[in-house]
Amino acid sequence: MDRGRTYAVVLAASALVVGIGAAGPTPAATPAPTPRSATPAPTPTPKGTPTPSATQSDGTLQILTYRGYAEYGGISPKVNWVGSFEKETGCRIAKLDTVQTAEAMDTAIKDRAYDLVSAGPVLAADLIANKQVQPIDPAKVSDYEDIDERFRDMLTVSGKVYGVPYLWGYYEFIYDAAKVKGDLKAAFGSERTALKDSPLTIADAALATGSAKKPFELSKEELDQAMTALEEAKERTYWTNPIDLIQGFATGELDYAQATPYYRLLLQKAGKQVKTIPARETTGWVDSWMLGAGVPDTTCAYRWLNWMTAPNAQRDAAAWVGLAPANDKACKGRAEPICEAYAVGEPERIDQVAFAVRPPGDCRPPEGECTDYAVAGADPDTWTNRWEELTK
């Protein structure tokens, strides 16, 4: 491709990113991530708003979320969730910290208490286990029953609900049909492949090799088999910023990539012959709003949960960040192309997604046989340790 055509593709895709949404999710793909060498910091609280040191019961909230999940409208008046929420409910956001990666989210939650957090499955499990969040009363969330039952069940532990699903997504493997054939084995063996820089990508390798029935609950042997597949291509790309995918395909440097349907859609709209490699199963995740354990008065917190669960807010969020809404009723207007890309409302497609979970109960060490995600002391066989060894 000549330089002029390459520039045009990148420009077209970048314009679509700004026009349709901010970027991809967590664990994921979080909106507009930074290069992996950088350590994202929470976005400063907007000027003029107080920053209390702890949760309070005076009608204000302190929120931690991913960039693009809750905005003041500075980027676009169409995404002013916070301003509209404050005007309609009388509650005020005293602090809104936004991060770009799951790792930054984990760091931020250790530094201070928040009233509300939008957490992915791994962090959610840790927050529940560490009693940093409290159960939610679904009866107080007006649109809770409109959320897909499968997503609701993911945050139900021992009969108690610990989160309200917000946005979700899944990964697929895409390829440049003008240059290569759509073969998953070839994608994992190629140096011209870009994989998401996350330990959870190991689950995708496990699916590709057929080494595990439950890709997020791997035994030591299954983990070894998945890592062997990943080690075949030493010089492949590991991306944190989805824009790198756009540039990689535009410049011809990439033949394959692990991406969400949203980025495949952007590339296709920009004129690239990008297609999805057929697969029996893919990996996905759900981000949910969780209620902090130390909130003395939950009135405004529940107003926020109601606000962000309603179709209008979920519609705007889905269209803005390029993820699917947990509430199917949001699939109208601006969100309709996103819902179509993720096949929202099609149970047979959702059944093909293995959603990320924290290995449950006796599956986890030391009692069970499953390898753990997180760093566990000197144990070299955690997903994080194996991933860091692979990508260093």
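Trainee: What makes β10-β9-β11-β8-β12 an open sheet, and which strands stand at the edges?
Mentor: In this predicted model, five strands line up in the order β10-β9-β11-β8-β12, with mixed pairing. β10 (237-239) and β12 (274-276) are at the edges with a single partner strand each, so one side of each has no neighbour in the sheet. Neighbouring strands here are turned by 30° against each other on average, if you ignore direction.

Trainee: How do you know that β9 and β10 pair?
Mentor: Two strands count as paired if there are at least two bridges between them. β9 (residues 193-196) and β10 have three bridges, in the parallel sense, and that meets the cut-off. You can spot L195 opposite Y238 in β10, and A194 has T237 as its bridge partner in β10.

Trainee: And what joins β9 to β11?
Mentor: Two bridges do, and the strands run parallel. The cut-off is at least two, so that is a pair as well. Look at A194 again: its bridge partner in β11 is A257.

Trainee: Which way do the residues of β9 point, and are they buried or exposed?
Mentor: T193 and L195 point one way, A194 and K196 the other way, and all are buried. Buried means under 20% relative accessible area, so each of them falls below that value.

Trainee: What packs on this sheet?
Mentor: Helix α9 (residues 243-251) does, touching β8 (172-176), β9, β10, β11 (256-259) and β12. The direction of α9 makes about 160° with that of β11. Angles run from 0 to 180 degrees between N-to-C directions.

Trainee: Why is α7 called largely enclosed?
Mentor: Seven of the nine residues of helix α7 (residues 201-209) are buried, so the rest of the structure largely encloses this helix. The buried ones are T201, I202, A203, D204, A205, A206 and L207. Just after α7 comes G210, with a positive phi near 70°.

Trainee: Now α4. Why do you say its buried residues line one face?
Mentor: First pick them out: in helix α4 (residues 121-129), P121, L123, A124, L127 and I128 are buried. Seen down the axis of α4, they fall within an arc of 160°, so they line one face of the helix. There's a handy rule behind this kind of pattern: an α-helix has 3.6 residues a turn, so residues three or four places apart point the same way.

Trainee: What do those buried residues pack against, and what follows α4?
Mentor: They pack against α3 (102-111), β3 (116-119), β4 (133-134), β5 (156-157) and β13 (282-292). K131 follows α4, and its phi is positive, near 60°.

Trainee: How do you know that α11 and α12 pack together?
Mentor: Contact means heavy atoms within 4.5 Å, and here W307, M308 and T309 in α11 meet P311, A313 and Q314 in α12. The residues of this contact divide into four nonpolar, two polar and no charged. The axes of helix α11 (residues 299-309) and helix α12 (residues 311-321) are 4 Å apart, at an angle of about 65°.

Trainee: Stepping back, what does the whole chain look like in numbers?
Mentor: The protein chain has 15 helices and 15 strands, and buried residues make up 55% of its 392 residues. Of the contacts between residues at least 6 apart in sequence, 74% join residues at least 24 apart. The chain exposes about 16,600 Å², and carbon and sulfur atoms supply 50% of that.

Methods
Residues are numbered from 1 along each chain as its sequence is written. This is a predicted model: local features need pLDDT of at least 70, side-chain atom pairs count only at pLDDT 80 or more; totals for chains, interfaces and linings use all residues. Side-chain values use heavy atoms; hydrogens and water are left out. Buried means under 20% relative accessible area, exposed over 50%, partly exposed in between (1.4 Å probe, protein chains only). The arc is that of the directions from the helix axis to the C-beta atoms. Accessible areas come from the Shrake-Rupley method with a 1.4 Å probe; for residues, only the protein chains shown count as cover. Ala, Val, Leu, Ile, Met, Phe, Trp, Tyr, Cys and Pro count as nonpolar, Asp, Glu, Lys and Arg as charged, and the others, Gly among them, as polar.
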